[in-house]
Amino acid sequence: FGGSDYLNWILPVGFIQSAAFTGAATGVNLARDIESGWFDRMLLAPAPRWVVLGGMIASSATRVLIPAVLLVVIGMAFGLTWPGFAGFVISLIGAAGLATVMAFWSCGLAMKFRSQDAAPLMQSSGFMLMQLSAVYAPIALLAGWMQHVARVNPFTYVLDAVRAPYIGSITWNVLWPGLLALSGMIAAAAWFAFWRIGRMNEA
């Protein structure tokens with residue numbers, strides 16, 4: 001699209017996908033710990049609950065950096081254009097940020113349902129948001145209804161910001177909507193997760 005190699009277009013999707021499933025895995029693991037009673041022990045620790053939850057979220061944001069780095073290394077071996085150091089950092093920030101969003105959301109669901117039965121909802125949430133963005137083609141080439149959905153989908157703006165260094169150059173006009181969308185999603189998902197952990201002792 002626009003003369004850029006399709007590898008450069010599609011590879012940034014891997015950052016989004018890795019983040020979505022890494023975050024979901026955090027929620028699934030928490031649901032398992034809730035079922036086994038282990039999480040109840042953690043809540044008895046002499047530490048604020050936000051610390052307990054924050055540790056899980058931080059681990060998710062950190063773990064996603066491993067596949068993100070490997071993705072760029074393998075992509076370079078197959079002809080990926082190096083996005084520059086700033087572009088590489090933006091890729092990592094986007095991956096870690098979306099992993100944070102999905103981890104907060106999935107952990108909130110785990111504490112809501114207290115069962116691994118909620119795992120499909122955790123995994124499908126990120127997958128659907130990703131698929132309903134400009135993943136495989138520019139918005140202008142999508143079906144009419146998908147164009148409307150993609151334009152209001154916050155994942156689209158994060159993906160645009162992460163993708164920009166690979167298909168062109170980093171511009172503030174592309175970067176700020178992605179940062180704004182990412183910040184908004186983190187705030188909303190964090191509120192949900194912290195609200196749910198505050199109600200963990202309720203029947």
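1. F21 is a good place to start: its relative accessibility of 35% puts it in the partly exposed class. On this scale, buried means under 20% relative accessible area, exposed means over 50%, and partly exposed lies in between, with a 1.4 Å probe and protein chains only. F21 belongs to helix α1, residues 6-36. Helices here are DSSP runs of H or I with at least four residues, numbered from the N terminus.

2. A word on the source, before going further. This is a predicted model, in which local features need pLDDT of at least 70 and side-chain atom pairs count only at pLDDT 80 or more, while totals for chains, interfaces and linings use all residues. Residues are numbered from 1 along each chain as its sequence is written, and side-chain values use heavy atoms, leaving out hydrogens and water.

3. Back at the surface, F21 joins F127, M128, L132 and W145 in a nonpolar patch of about 490 Å². Such patches take residues with over 30% relative accessible area and no salt bridge, and join nonpolar side chains (Val, Leu, Ile, Met, Phe, Trp, Tyr) within 5 Å. The areas come from the Shrake-Rupley method with a 1.4 Å probe, and for residues only the protein chains shown count as cover.

4. W145 leads nicely to helix α7, residues 144-152, where M146, Q147 and A150 are buried. Seen down the axis of α7, the buried residues fall within an arc of 105 degrees, so they line one face of the helix; the arc is that of the directions from the helix axis to the C-beta atoms. W145, H148 and V152 are exposed on the face turned away from the buried side. The cover over the buried residues of α7 includes α6 (119-131) and α8 (154-167).

5. Helix α6 also holds S125, which is buried at a relative accessible area of 12%. Leaving aside neighbours within four places in sequence, S125 is in contact (heavy atoms within 4.5 Å) with M102 and W105. The side chains of S125 and W105 also form a polar contact of 3.1 Å. That term means a pair of N or O atoms within 3.5 Å; within protein, one must be able to donate a hydrogen and the other to accept it, and residues adjacent in sequence count only if both atoms are side-chain atoms. You may also like to look at A24: its C-alpha atom is 8.7 Å from that of S125, although the two residues are 101 apart along the chain.

6. Do have a look at S60 in helix α3, residues 49-63. S60 is buried, at 0% relative accessibility. Beyond its neighbours within four places in sequence, S60 touches T22, G23, T26, A99 and A103.

7. The count of salt bridges is one, taking a side-chain nitrogen of Lys or Arg within 4 Å of a carboxyl oxygen of Asp or Glu. The partners are D33 and R32, at 3.7 Å from N to O. D33 is buried at 18% relative accessibility, whereas R32 is partly exposed at 41%.

8. Two further arginines deserve a glance. R196, in helix α9 (residues 172-197), is buried with a relative accessible area of 7%. Apart from neighbours within four places in sequence, R196 has contacts with G108, M111 and K112. R114 sits in the loop between α5 (84-113) and α6 and is partly exposed at 29%. Please check its backbone: phi of R114 is near 55 degrees, a positive value in a residue other than glycine.

Methods. Helix = DSSP H or I, 4+ residues; strand = E, 2+ residues; numbered from the N terminus. Patch = residues over 30% accessible without salt bridge, like charges linked within 9 Å, V, L, I, M, F, W, Y side chains within 5 Å.
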